[in-house]
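Dear colleague,

I am passing the structure below on to you, and I would be glad if you could look through it alongside the notes that come after it.

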Amino acid sequence: MKVKKFVAPSMPEAMKMIRAELGNDAVILNSKVVRKGGFFGLFTKKNIEVIAAVDPQPTRQRSERKKEEAPFSASFLAEKKQKEDANLLHELKELKTMLKQLSTNVNAGFSQYPGLLNEVHYRLVKQEISVPFVQEIMADLLERWYTNGGNATERQVFAWAKEIMREKLSPLPFGGISFQKKYINVVGPTGVGKTTTLAKIAARCVLQHGKNIAFITTDTYRIAAIDQLKTYAKILNVPLEVCYNLQDFHEAKKKLSDRDVVLIDTAGRNFRHPQYVKDLRNIIDFDEEMETFLVFALTAKYDDMKAIYEQFSLIPIDRFIFTKLDETTRYGAMFNLMMEYKVGASYLTNGQNVPDDMVEASVEHIINMLFGVEQL
């Protein structure tokens, strides 16, 4: 195992140094606040001292050892050995103890952070937030921990973690439809609840905002889907146009020109087939008058969610809609998708009731769900 001490002005800078020299597999063994420089104890500068280690592969270890040994002559190594002092020996003794603890923790699958930070790390991992984002959050949290002298209550630590995540999500767009664009398009794979979600949005447009709306459906592959939307249209007393191609879509737009909002339902097809998204472009005119929401079910695997986004990124995606929150207790995929693709969220749904079982997405609501404070 290769072990090295790093000293930097802040924890994020120390983490950069560690990744640059030891790689992403490095683990933190110990960290503390130290003071450097000054004159007679005055004007010292606070730094973060971090001891990190990595266990490289044997072949890589041998090649690195050869590179390290080449520049050093025998006399230089002897001189270096003579300069080792009591502080270094003491540090090695402490390091030996920490290595034993680290080996136990790593083998058991646990992380090692000071104080209450382990509780935050456990929560992030349990919520299935991606490793790179967990590392970023914990690096920022470590800096706040040591800036505060390593003393904080559980409430303070979790408040810091929420604030860090809030700062990461806040630049993204959140909230329901803006009513700045006439056409609202809902896309996504089969089984995520697009039609029901569209009906919930439509009901809110009519009942809460008093808008004059209409439906367009391009889901001509499933008769049941058309019948379902016809039922909602009848309840809301609004027109429904069925479109099979781009010409039908332009004709429908003309017929519905007097409407405030036109909500568009699309077919749910196998997201692994690129032709599905190409078919959408052949039926729907994705112009500047349209807001498009991509729907994800949180019961899906995260790798599948990423594949869904990659397919649908061929068309402009304004925000995400997350459904089936009531069927899972892991909400990290929401954070992962928004951070990875820099796309915000519009709605969160947790049931089939129309127009209920849906809320407008917000940064605060999502963070509280991730930390188990709030449920829909």
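What follows is a short account of what was found, from the whole chain down to single residues.

Please keep in mind throughout that this is a predicted model. The chain is built from 14 helices and 11 strands, and of its 376 residues 44% are buried. Among the contacts with a separation of 6 or more, 74% are between residues 24 or more positions apart. The accessible surface of the chain amounts to about 19900 Å², and carbon and sulfur atoms account for 49% of that area.

Turning to the interior, the largest nonpolar core holds 79 residues, with Phe320 and Phe322 having the most contacts inside it. The element that gives the most to this core is helix H6, spanning residues 131-147, which supplies nine residues. Once its neighbours within four places in sequence are set aside, Phe320 is in contact with Leu294, Phe296, Tyr309, Leu337, Met338, Val343, Gly344, Ala345, Ser346 and Tyr347. Another core, of 26 residues, lies apart from the largest one, and Ile177, Ala202, Ala203 and Val238 are among its members.

One further residue may be worth a look in the viewer. Asn30 is part of strand S2, which covers residues 27-36, and it counts as partly exposed because its relative accessibility is 29%, a value that falls between the limits of 20% for buried and 50% for exposed. Its C-alpha atom is separated by 9.9 Å from that of Ala53, a residue 23 positions away along the chain.

With best regards

Technical notes:
Residues are numbered from 1 along each chain as its sequence is written. This is a predicted model: local features need pLDDT of at least 70, side-chain atom pairs count only at pLDDT 80 or more; totals for chains, interfaces and linings use all residues. Side-chain values use heavy atoms; hydrogens and water are left out. Helices (H or I, at least four residues) and strands (E, at least two) are DSSP runs, numbered from the N terminus. Buried means under 20% relative accessible area, exposed over 50%, partly exposed in between (1.4 Å probe, protein chains only). Contact means heavy atoms within 4.5 Å. Accessible areas come from the Shrake-Rupley method with a 1.4 Å probe; for residues, only the protein chains shown count as cover. A nonpolar core is a set of buried Ala, Val, Leu, Ile, Met, Phe, Trp, Tyr and Cys residues joined through side-chain atoms within 4.5 Å.
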